[in-house]
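Me: I'm a first-year student and I'd like a close look at a single part of this protein. Could you walk me through it and then show me how it sits in the whole?

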Amino acid sequence: RGRVGDASFEEDDDLLLYVREGVKFCVDFAASSFSMENATNVNEFPELDILERSLMNVLLSGTFGGRIVTHLRPQNIQVDPSTGLAPNLLNPLEAYEIDFTGSNASLKLKEGSAMLGHRRVICPTETIVEL
């Protein structure tokens, strides 16, 4: 009843139908709980009183989740008259526009801290970071 990419009205019920070309993926993800503890050596930085063999300890725990929406839309393939080839035929990923509209992610910390010697950074409980 409609062409790809055209908006048209159905004859029966005045419903607007819009058909988009391409492939759309939608992935929901979540972790109800995670905990991560890490210790790493830090390079010497005498101006900040960070000496050789200093360790940075990081502790994170909380939850995360979100949705990734990807729409792969084919580009117009234009053939170069001199070569008879289209530039995006050699690499299939170049033949698509990739759209992430509608994607989101969030991280909610129950506990977050980083320590380096006598320095300490603490994230408040229930801190939420959203993209």
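Reply: Let's start with serine 54, whose contacts, leaving aside neighbours within four places in sequence, are Thr40, Asn41, Val42 and Leu116. Keep in mind that you are looking at a predicted model. Serine 54 belongs to strand β4, which covers residues 54-74. Is serine 54 buried or exposed? Serine 54 counts as buried because its relative accessibility is 17%, and the buried class means under 20%.

Now follow strand β4 along to arginine 67, and you meet a charged pair. The side chain of arginine 67 forms a salt bridge with that of aspartate 28, at 2.7 Å from N to O. This pair links distant parts of the chain, since arginine 67 lies in strand β4 and aspartate 28 in strand β3 (residues 23-42), 39 residues apart. How covered are the two partners? With 35% relative accessibility, arginine 67 is partly exposed, while aspartate 28, at 52%, counts as exposed.

How many salt bridges does a search of the whole structure find? The search finds 2. Besides the pair you have just seen, the side chains of lysine 108 and glutamate 126 meet in a salt bridge, at 3.1 Å from N to O. Here too distant parts of the chain are linked: lysine 108 is in strand β6, and glutamate 126 is in the loop between β7 and β8 (127-130), 18 residues away. Lysine 108 is partly exposed, with a relative accessible area of 35%, and glutamate 126 is partly exposed as well, with 44%.

Lysine 108 brings us to strand β6, so let's look at its partner strand. Strand β6 (residues 104-116) and β7 run antiparallel and are joined by 5 bridges. One pair to find on your screen is serine 113, whose bridge partner in β7 is isoleucine 122. The two strands form a hairpin with 2 residues between them. In that turn, glycine 117 has a positive phi of about 65 degrees. Strand β7 (residues 119-123) is hardly covered: among its 5 residues, the count of buried ones is 0.

Cysteines deserve a glance too. Cysteine 123 is partly exposed, at 30% relative accessibility, and cysteine 26 is also partly exposed, at 48%. Which number of disulfides turns up in a search of the whole structure? The result is 0.

Next, turn to the surface. Val27, Ile68, Tyr96, Ile98 and Phe100 make a nonpolar surface patch of about 450 Å². One of its members, tyrosine 96, is found in strand β5 (residues 96-99). Tyrosine 96 counts as partly exposed because its relative accessibility is 34%. For the whole protein, the accessible surface comes to about 10400 Å², and carbon and sulfur atoms account for 55% of that.

Finally, step back to the overall picture. The protein has 0 helices and 8 strands, so reading the elements from the N terminus on gives β-β-β-β-β-β-β-β. Of the 131 residues, 15% are buried, and serine 54, where we began, counts as buried. Among contacts with a separation of 6 or more, 59% are between residues 24 or more positions apart. The salt bridge between arginine 67 and aspartate 28 is a nice one to find again on your screen, with its partners 39 residues apart.

Notes
Residues are numbered from 1 along each chain as its sequence is written. This is a predicted model: local features need pLDDT of at least 70, side-chain atom pairs count only at pLDDT 80 or more; totals for chains, interfaces and linings use all residues. Side-chain values use heavy atoms; hydrogens and water are left out. Buried means under 20% relative accessible area, exposed over 50%, partly exposed in between (1.4 Å probe, protein chains only). Helices (H or I, at least four residues) and strands (E, at least two) are DSSP runs, numbered from the N terminus. Two strands pair if DSSP finds at least two bridges between them. A disulfide is a pair of cysteine sulfur atoms within 2.5 Å. Contact means heavy atoms within 4.5 Å. Accessible areas come from the Shrake-Rupley method with a 1.4 Å probe; for residues, only the protein chains shown count as cover. Patches are made of residues with over 30% relative accessible area and no salt bridge: like charges are joined within 9 Å, nonpolar side chains (Val, Leu, Ile, Met, Phe, Trp, Tyr) within 5 Å. A salt bridge is a side-chain nitrogen of Lys or Arg within 4 Å of a carboxyl oxygen of Asp or Glu.
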